[in-house]
Amino acid sequence: MSPTISSSLCTVAALSGRPGRRAGQPGGNKRAVAQPLAAAAVTEAPPAVIAPPPRPVIGAPRRRGGRGVDGGPDELVAWKSIRQERWEGALEVEGKLPTWLDGTYLRNGPGLWDLGDYGFRHLFDGYATLVRVSFRDGRAVGAHRQIESEAYKAARRHGKVCYREFSEVPKPDSFKSFVGQLASLFSGNSLTDNSNTGVVRLGDGRVLCLTETVKGSIVVDPDTLDTVSKFEYEDKLGGLIHSAHPIVTDTEFWTLIPDLIRPGYVVARMDAGSNERQFVGRVDCRGGPAPGWVHSFPVTENYVVVPEMPLRYCAANLLRAEPTPLYKFQWHLESGSYMHVMCKASGKIVASVEVPPFVTFHFINAYEEKDEEGRVTAIIADCCEHNADTSILDNLRLHNLRAFTGEDVLTDARVGRFRIPLDGSPFGELEAALDPEEHGRGMDMCSINPAHLGKEYRYAYACGARRPCNFPNTLTKIDLVEKTAKNWHEEGAVPSEPYFVARPGAVEEDDGVAISMVSAKDGSGYALVLDAKSFKEIARAKFPYGLPYGLHCCWVPRDK
Ligand SMILES: CC1=C(/C=C/C(C)=C\C=C\C(C)=C\C=C\C=C(C)\C=C\C=O)C(C)(C)CCC1
Ligand SMILES: [Fe+2]
């Protein structure tokens with residue numbers, strides 16, 4: 001039974017911490033609160049708040065060169081574009097939400113992959129869809145909204161891709177526009193600001209959505225999901241691209257800025273409340289024609305770890321009109337793989353070791369290994385490692401995600417544990433931290449208890465696999481001491497990153513919950529809440545419509 005507008009409006013107002021106004025009443029809170037659609041409305045042709053691009057006709061051949069038909073009638077909702085620009089309403093809760101869970105869960109991700117009947121090629125091309133679930137007193141209010149980047153607004157205005165996305169690039173419709181695009185390439189103006197990847201809460205409370213371009217840092221309002229402004233960096237460090245996963249604490253922000261001209265990385269930090277990145281140090285690449293892709297990186301209490309992967313940026317591919325098999329990158333196995341360690345305080349490089357080849361998007365955590373006298377002997381850095389197999393990027397093409405034939409095609413992944421000695425040895429180690437079969441040889445989209453960031457830790461939460469599959473289809477809790485895993489699975493469901501939220505006042509590392517947005521096989525969508533100790537479901541807050549897959553999350557506690 002879907003809530004009526006007035007009841008959901010009251011619930012919405014109470015839960016989202018905003019003074020509500022009853023439907024039709026003038027005034028109300030300072031921000032224009034969109035008329036929350038009655039839940040049922042979403043399943044019909046709703047009065048659009050802002051009309052989204054028309055949905056593709058299921059089964060209609062995509063305009064792009066007879067690529068065959070995606071989106072058959074049984075296509076998983078995870079790989080279907082979000083149906084409308086925005087929605088907000090009370091969620092039906094099954095089970096019992098912990099009453100200490102009091103705040104807002106946000107998940108960012110590429111949720112719109114179509115413009116008219118044109119379907120995008122790759123998961124990462126999608127325009128950013130921000131999903132919110134506000135929890136209070138055992139109840140939940142949900143919402144989603146498109147992030148209004150320049151790239152997204154231009155696409156809606158012109159009905160075509162106008163900025164260079166991960167694989168989709170503008171098709172020049174005249175020689176003049178081709179020349180214009182060339183000119184804008186070198187300035188980076190044609191690169192996208194579609195901040196569809198991460199969402200972080202800065203130490204001063206601002207909430208930032210991110211992608212891998214510096215210009216794609218966008219401030220949003222965590223309550224209304226309004227696009228507030230570009231996050232303008234007020235420094236001279238420049239940079240076209242940066243790590244999509246800055247390290248954010250209550251007091252500071254660390255990031256890596258790859259240097260594509262003189263291959264290397266700038267390590268920068270920013271105080272909470274500031275927009276000015278400060279230069280800390282620089283790492284020169286040891287191999288290859290370009291820096292390795294740094295989607296994320298780890299830190300310890302005293303060090304920044306700079307990974308140099310053989311999957312390296314390719315400036316030529318950034319400029320190309322058509323994607324290559326590795327998109328903006330090239331695989332340079334012969335160039336070697338390295339891990340560099342920089343001292344946070346001095347900016348000095350204290351270790352630079354060669355390691356076995358690796359492919360990772362996501363580092364899990366890192367910490368300082370110490371001897372009996374408390375001296376730091378090595379850095380341990382854990383990541384979701386794809387066995388140095390770049391075909392994971394191909395797994396993530398939308399056609400492959402939508403066309404699961406039952407064959408087990410998901411490439412294997414593991415918790416890759418680096419050991420980087422600080423005694424001057426030229427080599428580091430890379431081993432699986434536990435038997436990958438424990439988590440079905442799937443491993444990505446990870447989180448930890450943030451109190452253990454950069455410190456020795458025992459538990460990691462991630463997406464694993466129950467095979468055969470073509471995408472990580474389980475949630476897994478990894479115990480790095482016992483070297484075992486607990487797994488959650490629902491037939492045909494596609495769960496996104498399990499995000500750990502600690503119970504206020506908790507002492508034990510796994511005292512809290514893990515929250516994941518699940519795109520279910522029957523086309524529904526819900527926020528799943530698992531007890532982080534038992535890794536058993538304690539509740540689910542159900543959206544009245546299906547949700548596309550999403551990437552990364554953050555938690556905004558109510559009292560902050
Ligand atoms: C990479 C560059 C760009 C775009 C990057 C974007 C839009 C997103 C990257 C997201 C990643 C790496 C997500 C990884 C997810 C991994 C999963 C789900 C693994 C599952 C397998 O087990 C720009 C913005 C186009 C600029 C150039 C570089
Ligand atoms: Fe990521």
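What share of the 560 residues in the chain is buried? Buried residues make up 59% of them. With that in mind, let us walk through the structure, which is a predicted model.

Start with the overall build. The chain contains 7 helices and 35 strands. Its contacts often link distant parts of the sequence: among contacts with a separation of 6 or more, 63% are between residues 24 or more positions apart.

Next, turn to four histidines. In an unreviewed entry, UniProt lists H245, H295, H362 and H552 under "binding site". These four are spread over 308 residues of sequence, yet they cluster in space, with a largest C-alpha distance of 12.4 Å. Three members of the set, H295, H362 and H552, also belong to the lining of the largest cavity.

Take H245 to begin with. You will find H245 in the loop that runs between β12 (227-230) and β13 (247-248). Its relative accessible area is 18%, and because the cut-off for buried is under 20%, H245 counts as buried. Setting aside neighbours within four places in sequence, H245 is in contact with the other histidines H295, H362 and H552, and also with S296 and F297. With H362 there is a polar contact as well, side chain to side chain, at 3.3 Å.

Now move to H295, which sits in the loop between β16 (278-284) and β17 (303-308). H295 is buried too, with a relative accessible area of 8%. Again leaving out neighbours within four places in sequence, H295 is in contact with H245, H362 and H552. The list of contacts for H295 also takes in T197, E212, S243, A244 and F361.

H295 leads us on to the largest cavity. By the rule applied here, the model has 10 cavities of 30 Å³ or more, and the largest has a volume of about 560 Å³. Its lining is made up of 37 residues, and those closest to the centre are F124, F166, E212, W293 and H295. Notice that E212, a contact of H295, appears in this central group as well. Two strands, β22 (360-370) and β26 (444-447), each supply at least two residues of the lining. Sorted by class, the lining of the largest cavity has 20 nonpolar, 12 polar and 5 charged residues.

There are pockets to visit too. The second largest pocket holds about 470 Å³ of space. It is lined by 20 residues, with L76, F404, N470, E491 and G492 closest to its centre. Here the lining divides into 9 nonpolar, 4 polar and 7 charged residues.

Our last stop is an arginine, R540, found in strand β34 (residues 537-543). Is R540 buried or exposed? R540 is buried, since its relative accessible area is 13%, and buried means under 20%. Its side chain makes polar contacts with the side chains of two glutamates: one with E490 at 3.0 Å, and one with E537 at 2.7 Å. Not counting residues up to four places away in sequence, R540 touches E92, V93 and E94, then W488 and E490, and finally Y526, A527 and L528.

Note on methods. Residues are numbered from 1 along each chain as its sequence is written. Chains are lettered from A and ligands numbered from 1 in the order in which they are written. This is a predicted model: local features need pLDDT of at least 70, side-chain atom pairs count only at pLDDT 80 or more; totals for chains, interfaces and linings use all residues. Side-chain values use heavy atoms; hydrogens and water are left out. UniProt positions are given in the numbering used here, feature names are shortened, and annotations may be inferred rather than shown by experiment. On a 1 Å grid over the protein atoms alone, a cavity is a set of points where a 1.4 Å probe fits but cannot get out, and a pocket is an open set with protein on both sides within 12 Å along at least five of seven lines; lining residues have an atom within 4 Å of a point. Helices (H or I, at least four residues) and strands (E, at least two) are DSSP runs, numbered from the N terminus. Buried means under 20% relative accessible area, exposed over 50%, partly exposed in between (1.4 Å probe, protein chains only). Contact means heavy atoms within 4.5 Å. A polar contact is a pair of N or O atoms within 3.5 Å; within protein, one must be able to donate a hydrogen and the other to accept it, and residues adjacent in sequence count only if both atoms are side-chain atoms. Grid points are joined across faces, edges and corners, and a volume is the space filled by probe spheres set on the points. Ala, Val, Leu, Ile, Met, Phe, Trp, Tyr, Cys and Pro count as nonpolar, Asp, Glu, Lys and Arg as charged, and the others, Gly among them, as polar.
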